[in-house]
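I opened the notebook to jot down what I looked up in this model. Entries are in the order I went through them.

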Amino acid sequence: GPFVLVPVLMCGMVIAVCNIPWVNDRPWALYVWTALLALTPSLLEWAGLIAPTTVVKDGYYVLRSAIVAAGGRIDVLALVLVNLVLMLAVARFAHALARDRRTAFRQLTVQAWHLDHLLPKGGVFST
């Protein structure tokens with residue numbers, strides 16, 4: 001349903017899509033895309049085009065799976081494991097982005113240091 005796997009999948013997709021230069025230069029496109037992605041499953045259920053997967057009944061929020069027919073401990077464990085794997089994939093991707101950003105920043109810092117030492121001191125170019 002829209003409240004179980006979709007948010008985790010969206011997090012991974014948003015991180016990936018943010019790195020596309022066109023999208024990075026137009027944050028509004030990212031926001032519109034994210035809103036459409038988040039709202040589409042709920043709107044399709046509300047419009048009756050797909051079977052509802054969530055309902056509030058007797059004060060409980062009930063989730064019905066469109067994939068799994070049973071509801072035992074194995075199914076709950078499988079759902080937890082799938083969410084865990086997806087979150088770990090998002091974490092790995094975010095870590096790789098942060099690592100690459102840090103490496104690029106370090107390389108630019110070293111390059112700036114070298115360029116600074118190539119310029120003459122006290123001459124025409126000094127500040």
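**Entry 1: Val17**

I started with Val17, which I found in helix H1. This is a predicted model, so I keep that in mind for every entry below. Is Val17 buried or exposed? Its relative accessibility is 14%, and since the cut-off for buried is under 20%, Val17 counts as buried. Then I looked up its partners. Skipping neighbours within four places in sequence, I have Val17 in contact with Val23, Leu30 and Trp33. For Trp33 I also noted the backbone spacing: Val17 and Trp33 sit 16 residues apart in sequence, and their C-alpha atoms are 9.8 Å apart.

**Entry 2: H1 against H3**

Trp33 led me to the contact between two helices. The axes of H1 and helix H3 (residues 27-46) come within 11 Å and cross at roughly 160°. Angles over 145 degrees count as roughly antiparallel, therefore I put H1 and H3 down as roughly antiparallel to each other. I logged their crossing as right-handed.

Which residues meet here? From H1 I listed Val6, Met10, Met13, Val14, Val17 and Cys18. From H3 they meet Leu30, Trp33, Thr34, Leu37, Ala38 and Pro41. Sorted by type, the contact of H1 with H3 comes out at 11 nonpolar, 1 polar and no charged residues.

**Entry 3: H1 against H4**

Next I checked H1 (residues 6-18) against helix H4 (residues 73-118). Their axes come within 9 Å and cross at roughly 15°. Because angles under 35 degrees count as roughly parallel, H1 is roughly parallel to H4. This crossing, of H1 and H4, is left-handed.

On the H1 side, the contact is made by Val8, Leu9, Cys11, Gly12, Ile15 and Ala16. On the H4 side I wrote down Asn83, Leu86, Met87, Val90, Phe93, Ala94 and Leu97. The split for the contact of H1 with H4 is 11 nonpolar, 2 polar and no charged.

**Entry 4: Asn83 and Asp75 in H4**

Asn83 caught my eye in that list, so to speak, and I looked it up on its own. Asn83 has its place in helix H4. Buried or exposed? Asn83 has a relative accessible area of 14%, and because under 20% means buried, Asn83 is buried. What does Asn83 touch, leaving aside neighbours within four places in sequence? I get Val4, Leu5 and Val8.

Asp75 lies in helix H4 too. At 23% relative accessibility, Asp75 counts as partly exposed. I also checked Asp75 against Ser65: they are 10 residues apart along the chain, with their C-alpha atoms separated by 10.0 Å.

**Entry 5: the aromatic pair**

How many aromatic pairs does the structure hold? I count 1. Trp22 and Trp28 form that pair, with 6.4 Å centre to centre and 70° between the planes. Planes over 60 degrees apart count as edge-to-face, so I filed Trp22 and Trp28 as edge-to-face. Trp22 is partly exposed at a relative accessible area of 46%, while Trp28 has 54% relative accessibility and counts as exposed.

**Entry 6: loops around the strands**

Where is Asp58? I found Asp58 in the loop between strand S1 (54-57) and strand S2 (60-63). Asp58 has a positive phi of about 55°, although it is not a glycine. Its relative accessible area is 69%, and Asp58 is exposed.

Ala51 is in the loop between H3 and S1. I have Ala51 as partly exposed, with 46% relative accessibility. Not counting residues up to four places away in sequence, Ala51 touches Glu45 and Arg64. Ala51 and Arg64 are 13 residues apart along the chain, and I noted 9.5 Å between their C-alpha atoms.

**Entry 7: the chain as a whole**

I closed with the overview. The chain has 4 helices and 2 strands, and read along the sequence the pattern is α-α-α-β-β-α. Of its 127 residues, 12% count as buried; Val17 and Asn83 are among the buried residues. For contacts in the chain with a separation of 6 or more, residues 24 or more positions apart account for 53%.

Conventions: Residues are numbered from 1 along each chain as its sequence is written. This is a predicted model: local features need pLDDT of at least 70, side-chain atom pairs count only at pLDDT 80 or more; totals for chains, interfaces and linings use all residues. Side-chain values use heavy atoms; hydrogens and water are left out. Rings of Phe, Tyr and Trp (its six-membered ring) pair if their centres lie within 6.5 Å; planes under 30 degrees apart count as stacked, over 60 as edge-to-face and the rest as tilted. Buried means under 20% relative accessible area, exposed over 50%, partly exposed in between (1.4 Å probe, protein chains only). Axes are lines fitted to C-alpha atoms, for helices over the stretch in contact, and angles run from 0 to 180 degrees between N-to-C directions. Angles under 35 degrees count as roughly parallel, over 145 as roughly antiparallel, 65 to 115 as roughly perpendicular and the rest as oblique. A crossing is left-handed if the near helix is turned anticlockwise from the far one by less than a right angle, and right-handed if clockwise. Contact means heavy atoms within 4.5 Å. Ala, Val, Leu, Ile, Met, Phe, Trp, Tyr, Cys and Pro count as nonpolar, Asp, Glu, Lys and Arg as charged, and the others, Gly among them, as polar.
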